[in-house]
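Q: I am new to this structure and would like a close look at a single part of it, the disulfides. Could you take me through them slowly, and add what helps to place them?

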Amino acid sequence: MAISVDCLETLRKISELDVVKALWPNEVHYMAQALPSNNVLQAVTGDPTIADDGASSSSSSNSSNSDYKGNLEDIHRVTGVADIRSRFNLTGRGVKIGIIDSGVDYRHPYLGACWKTPGCPFQYGWDFVGDNYSITTGSPPVPDDDPLDTCFGHGTNVAGILAANGSMFTGVAPGVTLGIYRTVSCADGQTTTDILIQAMERAARDGMDIVNMSFGTPSSWPENALTIAASNLIKRGTMVLAAVGNSGQEGMHTIFSPASGAGVIGTGSFEAPTISFLAIGARTASGDDLVLPVSLSASSAAFIFKNPIPIVSVAAVDPTMLGCMPYNGDFAAGKVVFVFRGDCTMAEKALYAQNAGAVGILISNNEASSMTPIVNNTIKIPVGGMDLNDGLKLAQELEAGSVDLVSGERAVTYPNPSSGSASFFTSFGPGPELTGNPSVLAPGSQIISTAPINLGSFSTKYGTSIAVPYMAGIMSLMLEGRRSVWPAHNRNRNLSVDDLQAIVKEHSTPARDPTTGMLVSVFCQGSGRSNVTEVFNTQVVAHPPELRFNYTLVSTSQSATINLRNILDNEGVFYIVSDEPAESISPFYPN
């Protein structure tokens, strides 16, 4: 229950009522926001810069693979998801996952293009805020029964990582049933404790097996109201997974709540084997296929059309190929215009193309680096930027003959030089009571997923809020497997939620620092990188899954008991116990 009071005396009187157990402030909570693709290049290849003409530029790798499927399939191989889905035909069927986020664009074809129809992944949901709710302006929430998000996009990205099913990629568990609980509007990516708790309670009433949360607050004490609510959900048998935050560069003790709560799977991020960028597919007059990496403007629609669309060079009317002046509509009408960067802003280039009747514009950078055009909301056509080398390739093909844009559903992937390491942005523990957070790491770097249709249909982002749905998908495969795979050889056919959480921690792969080879601190990686193949090969469940020795106590020695339970029939297990030191970390500096 949330109330507003105007003086401390009223608050005191309320606190003294017999029916009141405790009072908490109604805090503002921030999404552990997924970050746009250009930011990841800062970690990989150098700092992005903002050019004067309105474009964000970054250096980029020049070696890509050729499957054009995006990096989710690569990630599924590394985490064992592909192996488990193939061997056991697991897709998360029968498992309900509640996504407490910004809503979802359920019209997206990769997400079923449906809402609460038979066979649709979306069977539950509620909008707690409406489109215009804003803490900043004071605009109140306007709840309704339709959590459609066409403006913010984060929840659609999360849903895609979990459950997308399309030609370019699939989510971790495309067979799950989803509940969508919208707690963020189009305005500012913020919400409050009371709204989040309402969403958690509704998810519990709807029977969600797993709740996925990307929200938090730096106030990560376990007595925090949101953390208590999360822990209460867990006591009722619902798994809660939460992002630990993206503040790793600020040092230790940067874990968000409720990720720091008892029993919550606080999820950090590790670096994927490859990183993806969106691309377009084109076909030349000679029948050759071109795949050109393209960075869409943040507010741009995607280059997705029902039929092939001609690409035309502005050189036909402007020898400079810069497109910085009005030009004849007959030349551009119904086509995608190609220009080079220079002399005027990206917004001006896009406006001239739009006014000439073009259905899109491609802008080549004037240097060998990727480039994201920045335009204003008067531009309604797709706007994409590309590397100079790709621009020169396209210009050469256009000079030789016709080129048609045949698909906007392409991606190119590049090897990730930081593959397997803990992501630089993932927040560090420990929690305020020295709890070992994060719990585990999941892939969260530069992953391709779905976006609202009117925001481009696809996006590539990174952050711990991207890692959480991946981990939630793994947990759904485990829940399905508990019912359909493990019972075939499991002496105890009812593995509990506590057992499953212990197993996923005990069978993670510890991450190492690529520069020293040493194990990364447990306060950065928890138990390590999630590995679902090892999970399904498990023979023993150990409780507790981690040991915490409080060495601030004056004592010469301490002991702990580990209970081991063999869950396989007729197979003995022999253990050799050892330990290995990990790197130390600095309390107040970037690690």
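A: What follows goes through the disulfides one by one, and then turns to some other buried places in the chain.

The model is a predicted one, and a search of the whole of it finds three disulfides. A disulfide is a covalent bond between the sulfur atoms of two cysteines. When the bonded cysteines of the chain are numbered in sequence order, the pairing reads 1-2, 3-4, 5-6, and the pairs are taken in that order here.

The pair Cys-114 and Cys-120 forms a disulfide in which the sulfur atoms are 2.2 Å apart. The angle about the S-S bond is 90 degrees, and the link of Cys-114 and Cys-120 is right-handed. As for their surroundings, both Cys-114 and Cys-120 are buried.

Another disulfide joins Cys-151 to Cys-186, with a distance of 1.8 Å from S to S. With -75 degrees about the S-S bond, the link between Cys-151 and Cys-186 is left-handed. This pair links distant parts of the chain, 35 residues apart: Cys-151 sits in the loop between strand 6 (122–127) and helix 5 (154–163), while Cys-186 sits in the loop between strand 7 (177–182) and strand 8 (190–192). Cys-151 counts as partly exposed because its relative accessibility is 27%, and Cys-186 likewise counts as partly exposed because its value is 29%. The range that applies to both runs between the limit for buried, under 20%, and the limit for exposed, over 50%.

The remaining disulfide is formed by Cys-324 and Cys-344, whose sulfur atoms are 2.0 Å apart. Here the angle about the S-S bond is -85 degrees, and the link of Cys-324 and Cys-344 is left-handed. This pair, too, links distant parts of the chain, 20 residues apart, with Cys-324 in the loop between strand 16 (309–313) and helix 8 (329–332) and Cys-344 in the loop between strand 17 (336–340) and helix 9 (346–355). The two ends of the link fall into separate classes: Cys-324 counts as partly exposed because its relative accessibility is 22%, whereas Cys-344, at 10%, counts as buried.

One further cysteine can be placed on the same scale, for Cys-524 has a relative accessibility of 4% and therefore counts as buried.

Strand 7, which comes before the loop that holds Cys-186, also contains Gly-179. Gly-179 is buried, with a relative accessible area of 0%. Leaving aside neighbours within four places in sequence, Gly-179 is in contact with Ile-97, Gly-98, Ile-99, Tyr-124 and Met-208. The C-alpha atoms of Gly-179 and Ala-203 are separated by 7.2 Å, although these residues are 24 residues apart along the chain.

Elsewhere, a search of the whole structure finds one cavity of 30 Å³ or more, and the largest cavity has a volume of about 80 Å³. Its lining is made up of Leu-278, Ala-279, Ile-280, Val-294, Leu-296, Ala-302, Phe-303, Gly-408, Gly-456 and Phe-458. Strand 13 (residues 274–284) supplies the largest share of that lining, three residues. By class, eight of the lining residues are nonpolar and two are polar, and none is charged.

Note on methods. Residues numbered from 1 in each chain as written. Predicted model: local features only at pLDDT ≥ 70, side-chain atom pairs only at ≥ 80, totals over all residues. Heavy atoms only, no water. 1 Å grid on protein atoms, 1.4 Å probe; cavity = no way out; pocket = protein on both sides within 12 Å on 5 of 7 lines; lining within 4 Å. Points joined across faces, edges and corners; volume = space filled by probe spheres on them. Helix = DSSP H or I, 4+ residues; strand = E, 2+ residues; numbered from the N terminus. Nonpolar A, V, L, I, M, F, W, Y, C, P; charged D, E, K, R; others polar. Disulfide = S-S within 2.5 Å. Buried < 20%, exposed > 50% of the residue type's maximum accessible area, 1.4 Å probe, protein only. Contact = heavy atoms within 4.5 Å.
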